[in-house]
Amino acid sequence: MEGSQVAHSHPYVPRDLHLPDYVPCFLSQSSILSVFAISTLLVVSFIWIFSGRLPKKSKVDRVLMCWWAFTGLTHIILEGYFVFAPEFFKDKTGFYLAEVWKEYSKGDSRYVGRDAGVVTVEGLTAVIEGPASLLAVYAIATGKSYSYMLQFAISLGQLYGTAVYYITAILEGDNFSTNSFYYYAYYIGANFSWIVIPSIIAIRCWRKTSAAFRVQGQTKKPKVR
C-alpha cells in the first residue's frame, strides 16, 4: 500500500499513472518560464543583430532567420533531451531541462508517461527538423537556391507533427492535463506557434517558388524548327 501511494504521488493525469521514484519540480513555474524567455530573447537578439550585418537582407528574411534559429535550437535541445532522457521525472538535481518537462507534463502527461506516439514525433522532430531548421538559417543568410524549398519542407513537417500530436490526443480521450489552466497554457498555447508560423511560411514559400517557375516558363523561347 505504501509503495502504491509513493508511485502515485504526482500531479499528473491519470492519477494512477505509474511513475516510480518520481521527484517533484525543484524550480517554480515562473523560474522555468523566465529562463526559457530570457534564453529565447538572447538567441533572437543575436540572430537579429548578426543578420543586420548581412548584405541585402530584408526584414522578413531577418525575422525568418530568428524563427528558424529559435525553433531549431528548441527542437534539438529541449525536445532532444526529452527523447533521450526517458527518466527525467526521477531527476533529483534540479537540472533545468528535466524541470521543463516535469512542468510541461502537467499540460500533457503523455510526455512523462512516455507515450510511444509522442516520443516518435518528438524524436523525428529533434533529429531531422532541428538540424534542418539551423540549415535554413544558413540558407537564408547565404542566399542558397534551396532556401524556399527547405523552409517549405520543414514547415510541412512541423504542421504534420503538430497534427499527429493533437489527433492522437483526441483519439485517446484528450484527458492528459492537470487542469484547464495547463491545458490552455501548455497543451494549446505552447504549441500554437508551430501551427500559425509554419502555415504562413509554407504559403510564402509556395508563392515564391511558383512565381520563380512562372517567370522561368515565360522567359523560355520557343524552339525554331
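Phe70 is buried in this predicted model. Its relative accessibility is 15%, and the cut-off for buried is under 20%, so Phe70 falls on the buried side.

Phe70 also takes part in an aromatic pair. The structure holds 25 aromatic pairs. In one of them, the ring centres of Phe36 and Phe70 lie 6.2 Å apart. Their planes stand at 70 degrees; edge-to-face needs over 60, so this pair is edge-to-face. The two partners come from distant parts of the chain: Phe36 belongs to helix 2 (residues 29-52) and Phe70 to helix 3, 34 residues apart. Phe36 is partly exposed, at 31% relative accessible area.

**Helix packing**

Two packed helices are described by the angle between their axes and the distance between the axes. Helix 3 (residues 59-84) packs with helix 5 (residues 116-142). The angle is about 150 degrees, and the axes are 7 Å apart. Angles over 145 degrees count as roughly antiparallel, so helix 3 is roughly antiparallel to helix 5. The contact of helix 3 with helix 5 involves 19 nonpolar, 8 polar and 4 charged residues. The crossing of these two helices is left-handed.

**Charges over rings**

Which ring does the charged end of Arg62 sit over? That ring belongs to Trp48, and the charged end of Arg62 is 3.7 Å from its centre. The charged end of Arg110 sits over the ring of Phe176, 5.3 Å from the centre.

**Loops and backbone**

The loop between helix 1 (2-8) and helix 2 holds Leu19. Leu19 is buried, with a relative accessible area of 2%. The C-alpha atoms of Leu19 and Val112 are 8.2 Å apart, although 93 residues separate them along the chain. Pro14 also lies in the loop between helix 1 and helix 2. A cis peptide bond joins Val13 to Pro14, with omega about 0 degrees.

Two residues that are not glycines have a positive phi. They are set out below.

| Residue | Phi | Loop | Relative accessibility |
|---|---|---|---|
| Lys56 | about 60 degrees | between helix 2 and helix 3 | 84%, exposed |
| Asp174 | about 50 degrees | between helix 6 (147-171) and helix 7 (180-219) | 27%, partly exposed |

Why does Lys56 count as exposed? Exposed means over 50%, and Lys56 has 84% relative accessibility. Asp174, at 27%, counts as partly exposed because its value falls between the 20% and 50% limits.

Key. Residues are numbered from 1 along each chain as its sequence is written. This is a predicted model: local features need pLDDT of at least 70, side-chain atom pairs count only at pLDDT 80 or more; totals for chains, interfaces and linings use all residues. Side-chain values use heavy atoms; hydrogens and water are left out. Axes are lines fitted to C-alpha atoms, for helices over the stretch in contact, and angles run from 0 to 180 degrees between N-to-C directions. Helices (H or I, at least four residues) and strands (E, at least two) are DSSP runs, numbered from the N terminus. Angles under 35 degrees count as roughly parallel, over 145 as roughly antiparallel, 65 to 115 as roughly perpendicular and the rest as oblique. A crossing is left-handed if the near helix is turned anticlockwise from the far one by less than a right angle, and right-handed if clockwise. Ala, Val, Leu, Ile, Met, Phe, Trp, Tyr, Cys and Pro count as nonpolar, Asp, Glu, Lys and Arg as charged, and the others, Gly among them, as polar. Rings of Phe, Tyr and Trp (its six-membered ring) pair if their centres lie within 6.5 Å; planes under 30 degrees apart count as stacked, over 60 as edge-to-face and the rest as tilted. Buried means under 20% relative accessible area, exposed over 50%, partly exposed in between (1.4 Å probe, protein chains only). A charge sits over a ring if NZ of Lys or CZ of Arg is within 6 Å of the ring centre and within 35 degrees of the ring normal.
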